[in-house]
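User: I've got a new model on my screen and would like to talk it through. Can you walk me through it piece by piece?

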Amino acid sequence: MHHVGLAELAAAVSNAGGLGIITGLTQRTPQDLAAEIRRCREMTDKPFGVNLTFLPTVNSPDYPGYIRAIVEGGVKVVETAGNNPAPYLASLKEAGIKVIHKCTSVRHALKAESIGCDAVSVDGFECGGHPGEDDIPNFILLPRAAEALKIPFVASGGMADGRSLAAALSLGADGINMGTRFVATQEAPVHENVKQALVAATELDTRLVMRPLRNTERVLRNAAVDRILEKERALGTGVKFEDIVDEVAGVYPKIMKDGALDAGAWSCGLVVGLIKDIPTVKELVDRIVREATDIISGRLARMVV
Ligand SMILES: Cc1cc2nc3c(=O)[nH]c(=O)nc-3n(C[C@H](O)[C@H](O)[C@H](O)COP(=O)(O)O)c2cc1C
């Protein structure tokens with residue numbers, strides 16, 4: 001998560017028994033990523049991963065440099081997202097790194113499987129960030145993925161608690177991935193305003209921006225988002241990235257670090273409607289496991305005796 005997935009949060013998730021992920025591109029250079037990996041290692045002796053988001057831009061970041069930092073940093077799991085990771089798979093696999101590709105459709109998941117990804121993260125329409133353009137929620141997407149895939153997959157989008165975990169396992173997933181829920185934790189290195197906004201918001205408070213650009217993003221509604229939607233309405237299919245650039249480019253540090261919530265559009269999932277507190281990551285993860293265990297061995301088990 002851009003400007004959220006720093007060493008503090010990744011280490012806290014790994015220490016709690018999950019797989020914490022550092023957001024690669026939040027680090028401005030491969031050298032900065034190498035330093036962030038070292039910082040994370042000082043905070044945990046458990047495995048953690050790095051996310052590499054392949055952006056649809058012409059001037060692409062120094063991906064080979066970032067991959068060198070990951071390999072030399074001894075990281076063994078990379079979560080890829082965005083464009084097809086094929087050009088970089090060989091260098092990751094040669095270093096013995098497991099690759100989880102994030103997909104928003106069964107066809108993309110099958111493609112990831114066919115090019116040699118080890119697992120996929122299946123992101124339903126509920127998810128914060130980029131849900132793709134198919135609009136298939138996880139109640140349909142996950143069982144479809146389970147039918148089609150041979151490699152393991154985690155359910156992503158809308159996951160908040162033990163009910164989500166039990167449901168995702170029932171639908172065929174091997175685990176869950178959480179974005180928005182982890183932003184509202186003690187260890188998330190973001191401004192308190194962001195966490196309080198998540199607690200205050202309901203499931204009615206997200207919006208989809210950049211639909212006409214086919215780069216849809218689910219974000220928390222705010223003044224900047226209203227401005228984007230107004231421009232999109234006014235300009236119709238003629239809207240260009242440059243028309244909304246002020247509200248979407250370079251805004252994350254202002255929001256996440258300074259707490260200027262209306263500075264631009266920031267990713268947030270429908271799951272925000274289920275976020276009511278700001279626990280430590282360990283409290284959250286332990287609670288999820290406890291709730292899921294109780295649901296499976298209690299309520300659900302009683303239904304079959
Ligand atoms: C604030 C924020 C920033 C995000 N930034 C990225 C990113 O840079 N790259 C990426 O692949 N996904 C990003 N995501 C998406 C998450 O990794 C994850 O797929 C998504 O949040 C799952 O849905 P959920 O929010 O319902 O848990 C971001 C999500 C949030 C909430």
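User: What share of the residues in the protein chain is buried?

Analyst: Keep in mind that this is a predicted model, where local features need pLDDT of at least 70, side-chain atom pairs count only at pLDDT 80 or more, and totals for chains, interfaces and linings use all residues. Residues are numbered from 1 along each chain as its sequence is written. A residue is buried if 20 or more other C-beta atoms lie within 10 Å of its own, exposed if 12 or fewer and partly exposed in between, with C-beta atoms placed from the backbone. Of the 305 residues in the protein chain, the buried part is 44%.

User: What radius of gyration does the protein chain have, and why does that fit a compact globule?

Analyst: The radius is taken over C-alpha atoms, and the globule rule is 2.2 Å times the number of residues to the power 0.38. For 305 residues that rule gives a value near 19 Å, so the chain agrees with a compact globule at 19 Å.

User: Which residues does V78 touch in the largest nonpolar core, leaving aside neighbours within four places in sequence?

Analyst: A nonpolar core is a set of buried Ala, Val, Leu, Ile, Met, Phe, Trp, Tyr and Cys residues joined through C-beta atoms within 7 Å. The largest one has 85 residues, and V78 is among those that touch the most other members. Contact means C-beta atoms, placed from the backbone, within 7 Å. Leaving aside those sequence neighbours, V78 contacts G49, V50, L52, I70, L92, I97 and V99.

User: Which residue in β6 stands opposite D123?

Analyst: Strands (E, at least two residues) and helices (H or I, at least four) are DSSP runs numbered from the N terminus, and two strands pair if DSSP finds at least two bridges between them. Strand β5 (residues 119-123) runs parallel to β6, with 4 bridges joining them. On β6, F153 and A155 point one way and V154 and S156 the other, all of them buried. The partner of D123 is S156.

User: Which elements help cover the buried residues of α7?

Analyst: Helix α7 (residues 162-170) has S164, L165, A166, A167 and A168 as its buried residues. Their cover includes α6 (138-148), β6 (153-156), β7 (175-177) and α13 (281-303).

User: Which element gives the most residues to the shell around the ligand?

Analyst: There are 27 residues around the ligand, with A81, G128, G129, G179 and G269 coming nearest; near means a C-beta atom, placed from the backbone, within 6 Å. Both β2 (48-54) and α8 (180-183) supply at least two residues of that shell. With 3 residues, the top contributor is α8.

Notes
Contact = placed C-beta atoms within 7 Å.
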